[in-house]
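Work through the exercises below with the sequence and the model side by side. Try each task before reading its solution.

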Amino acid sequence: MENIYVNDEANSVKFQPDTDIAGNNKAKCNYLRCAAVSLGLLCVVLLAAIIGVCVYYNNVTNADGAINKGTRLQIYFKIGWFRFQSSLYLLSTVKKSWEESRKDCIGKGADLVVVNSLEEQKFIHGLKEAFWIGLHDQVTRGSWEWVDGTPLTKLYWGPGEPSNNGGVESCVERRLIFSKAEESWNDLSCDGELFFLCEKEVDP
Ligand code: BGC
């Protein structure tokens, strides 16, 4: 492209033309540069999005497509389970008979709570509610057993319990009126409807 002059040649002001030294059109150049930068930015954004999705997906699932432990715990917490030591617990929001309560827990991949230590007993006592636990003597009256067959060690009966009141009390509740954690349980008719506490291991 030719240079442009105004007035006479001697006093002329030389305007820059729309071409660079190599004779390429500058507007075209800018347009191409813009397109290249935009494309580059788009690639960076796409790459970031892909990495983000991969990281998120990897957090949620492992190689087998199963939900990771951490994520699984977060989900349990969100739906009301809470953790104590190596177990997860869910206190029901509905009342059921002992047998129906147990079925409900099993349906959730758990069972009625089994108390293995004084720490756990203090923990469940602290829930300040009356609920079924996984102890009963339905097979042989007076012979208490845990739902998972755990051998009986220490039992935390309340004062005067187990009473087998009326000769029909074969299931065990954490009784609300008992204030001491170490004297907390009462035997009750299994047909009575109470809240119930489910327990499952964190990492089965
Ligand atoms: C007794 C308990 C009994 C409950 C329900 C209470 O008065 O102390 O032993 O389980 O009544 O029958």
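The exercises go from the whole chain to the core, then to single residues, and end at the ligand.

This is a predicted model, in which local features need pLDDT of at least 70, side-chain atom pairs count only at pLDDT 80 or more, and totals for chains, interfaces and linings use all residues. Residues are numbered from 1 along each chain as its sequence is written, and side-chain values use heavy atoms, with hydrogens and water left out.

**Exercise 1. The chain as a whole**

Task: Count the helices and strands of the protein chain and give their order.

Solution. Step one: the protein chain has four helices and eight strands. Helices (H or I, at least four residues) and strands (E, at least two) are DSSP runs, numbered from the N terminus. Step two: read from the N terminus, the order is α-α-β-β-α-β-α-β-β-β-β-β. Step three: of the 204 residues, 31% are buried. Buried means under 20% relative accessible area, exposed over 50%, and partly exposed in between (1.4 Å probe, protein chains only). Step four: turn to contacts, meaning heavy atoms within 4.5 Å. Among those with a separation of 6 or more, 62% join residues 24 or more positions apart.

**Exercise 2. The nonpolar core**

Task: Find which residues of the largest nonpolar core touch the most other members.

Solution. Step one: a nonpolar core is a set of buried Ala, Val, Leu, Ile, Met, Phe, Trp, Tyr and Cys residues joined through side-chain atoms within 4.5 Å. Step two: the largest one holds 36 residues, and Ile-124, Trp-132, Ile-133, Leu-135, Trp-146 and Trp-185 touch the most other members. Step three: β2 (87-91), α3 (98-107), α4 (118-125), β4, β6 (169-174), β7 and β8 (195-201) each supply at least two residues of this core. Step four: look at Leu-135. Beyond four places in sequence, its contacts include Trp-98, Trp-144, Trp-146, Leu-152, Trp-157 and Trp-185.

Task: Is Trp-132 buried or exposed?

Solution. Trp-132 lies in strand β4. Its relative accessibility is 0%, so Trp-132 counts as buried. Its C-alpha is 7.7 Å from that of Ser-101, 31 residues away in sequence.

Task: List the buried residues of α4 and what they pack against.

Solution. The buried residues are Glu-120, Gln-121, Phe-123, Ile-124 and His-125. The buried residues of α4 pack against β1 (82-84), β2, β4, β6, β7 and β8.

**Exercise 3. Two buried polar side chains**

Task: Trace the surroundings of His-136.

Solution. Step one: His-136 lies in strand β4 (residues 131-136). Step two: its relative accessible area is 8%, so His-136 is buried. Step three: a polar atom of its side chain lies 3.2 Å from the backbone nitrogen of Gln-138. A polar contact is a pair of N or O atoms within 3.5 Å; within protein, one must be able to donate a hydrogen and the other to accept it, and residues adjacent in sequence count only if both atoms are side-chain atoms. Step four: leaving aside neighbours within four places in sequence, His-136 is in contact with Trp-98, Ser-143, Trp-144, Glu-145, Ser-170 and Cys-171.

Task: Do likewise for Ser-92.

Solution. Ser-92 lies in the loop between β2 and α3. At 11% relative accessibility, Ser-92 counts as buried. Its side chain reaches the backbone oxygen of Val-94 at 2.7 Å. Beyond four places in sequence, Ser-92 is in contact with Phe-195 and Phe-196.

**Exercise 4. Backbone exceptions**

Task: Locate the cis peptide bond and the positive phi angles.

Solution. Start from the rule: most residues other than glycine have a negative phi, and most peptide bonds are trans. Step one: a cis peptide bond joins Glu-161 and Pro-162, with omega about 0 degrees. Pro-162 lies in the loop between β5 (145-146) and β6. Step two: Asn-164 has a positive phi of about 45 degrees and is found in the loop between β5 and β6. At 24% relative accessibility, Asn-164 counts as partly exposed. Step three: Gln-85 has a phi near 50 degrees and sits in the loop between β1 and β2.

**Exercise 5. The ligand shell**

Task: Identify which residues surround the ligand.

Solution. Step one: a residue is near the ligand if one of its heavy atoms lies within 4 Å of it. The ligand is surrounded by Glu-161, Ser-163, Asn-165, Glu-169, Arg-175, Asn-186, Asp-187 and Leu-188. Step two: strand β7 (residues 185-189) gives the largest share of this shell, three residues. Step three: ligand oxygen atoms lie 2.7 Å from a side-chain N or O atom of Glu-161 and 2.9 Å from a polar backbone atom of Asp-187.
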